[in-house]
Amino acid sequence: MEQIVIQANTSGNLKDLIQSAVENQTKIILSGISRTKRKLQALEKENGLESRKFYDDFQSGKLGDDFKYIRWAGEYETLLLLQKDYNDLQDIELCL
């Protein structure tokens, strides 16, 4: 587990400010996850293939490098990164 230490001249409401920032970032990430999932669902419907299966096939070179596949892979990778960021934020513990 990583630890970040923040020192301030005054304690005031620092914990509340940081908690609020984490909550806002979580909302932004959840919105991004929702948008990305909608895009992936449209691509899955259009191509008749689940994104996970598509991505595995794409990564193994079975599908070629058509632009629509590159775009689809990018959306899937974006979802994975957003989900990782969300999970990381859920593990934050503020200690003051």
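**Figure 1. How the buried side of helix H1 meets its partners.** The buried residues of H1 pack against H2 and H3, where contact means heavy atoms within 4.5 Å. This is a predicted model, in which local features need pLDDT of at least 70 and side-chain atom pairs count only at pLDDT 80 or more, while totals for chains, interfaces and linings use all residues. Residues are numbered from 1 along each chain as its sequence is written, and side-chain values use heavy atoms, with hydrogens and water left out. Helices (H or I, at least four residues) and strands (E, at least two) are DSSP runs, numbered from the N terminus. The buried set in H1 consists of Val-22, Thr-26, Ile-29, Gly-32, Ile-33, Thr-36, Leu-40 and Leu-43. Here buried means under 20% relative accessible area, exposed over 50%, and partly exposed in between (1.4 Å probe, protein chains only). An α-helix has 3.6 residues a turn, so residues three or four places apart point the same way. With 34 residues, H1 reaches 49 Å from its first C-alpha to its last, close to the 50 Å expected at 1.5 Å a residue; the expected span is 1.5 Å times one less than the number of residues. Just after H1, look for Gly-48, which takes a positive phi of about 65°.

**Figure 2. Helix H3 and its buried residues.** H3 (residues 67–90) has 24 residues and reaches 35 Å from its first C-alpha to its last, close to the 34 Å expected at 1.5 Å a residue. Buried along H3 are Tyr-69, Trp-72, Ala-73, Glu-75, Tyr-76, Leu-79, Leu-82 and Leu-89. These buried residues pack against H1 and helix H2 (51–59). At the start of H3, a side-chain oxygen of Asp-66 comes to within 3.0 Å of the backbone nitrogen of Lys-68.

**Figure 3. Ser-51, a buried residue of H2.** Ser-51 lies in helix H2 and counts as buried, at 2% relative accessibility. Its side chain makes a polar contact with the side chain of Glu-44 (2.7 Å). A polar contact is a pair of N or O atoms within 3.5 Å; within protein, one must be able to donate a hydrogen and the other to accept it, and residues adjacent in sequence count only if both atoms are side-chain atoms. Leaving aside neighbours within four places in sequence, Ser-51 is in contact with Leu-40, Glu-44, Trp-72 and Tyr-76. Two residues of that group will be familiar from the previous view: Trp-72 and Tyr-76 are among the buried residues of H3. Leu-40, in turn, is one of the buried residues of H1.

**Figure 4. Asp-57, also in H2.** Asp-57 is found in helix H2, and at 11% relative accessibility Asp-57 counts as buried. Within this view, the side chains of Asp-57 and Lys-53 make a polar contact (2.9 Å). Not counting residues up to four places away in sequence, Asp-57 touches Lys-62 and Leu-63.

**Figure 5. Lys-15 and Cys-95, distant in sequence.** Lys-15 belongs to helix H1 (residues 14–47) and is partly exposed, with a relative accessible area of 39%. Cys-95 lies in the segment after H3 and counts as exposed, at 60% relative accessibility. The two are 80 residues apart in sequence and 8.3 Å apart in space, C-alpha to C-alpha. Gln-19 offers another reference point for Cys-95: 76 residues separate them in sequence, and 11 Å in space, C-alpha to C-alpha.

**Figure 6. Ile-4, in the segment before H1.** Ile-4 lies in the segment before H1 and is exposed, with a relative accessible area of 71%. The C-alpha atoms of Ile-4 and Leu-89 are separated by 13 Å, although the residues are 85 apart along the chain. Leu-89 itself is one of the buried residues of H3.

**Figure 7. Stepping back to the whole protein.** The protein has three helices and zero strands. A compact globule of 96 residues would have a radius of gyration near 12 Å, but this protein has 19 Å; the value is taken over C-alpha atoms, and the globule rule is 2.2 Å times the number of residues to the power 0.38. Buried residues make up 22% of the 96 residues. The mean pLDDT is 91, and 97% of residues reach 70 or more, pLDDT being the predictor's confidence in each residue, from 0 to 100.
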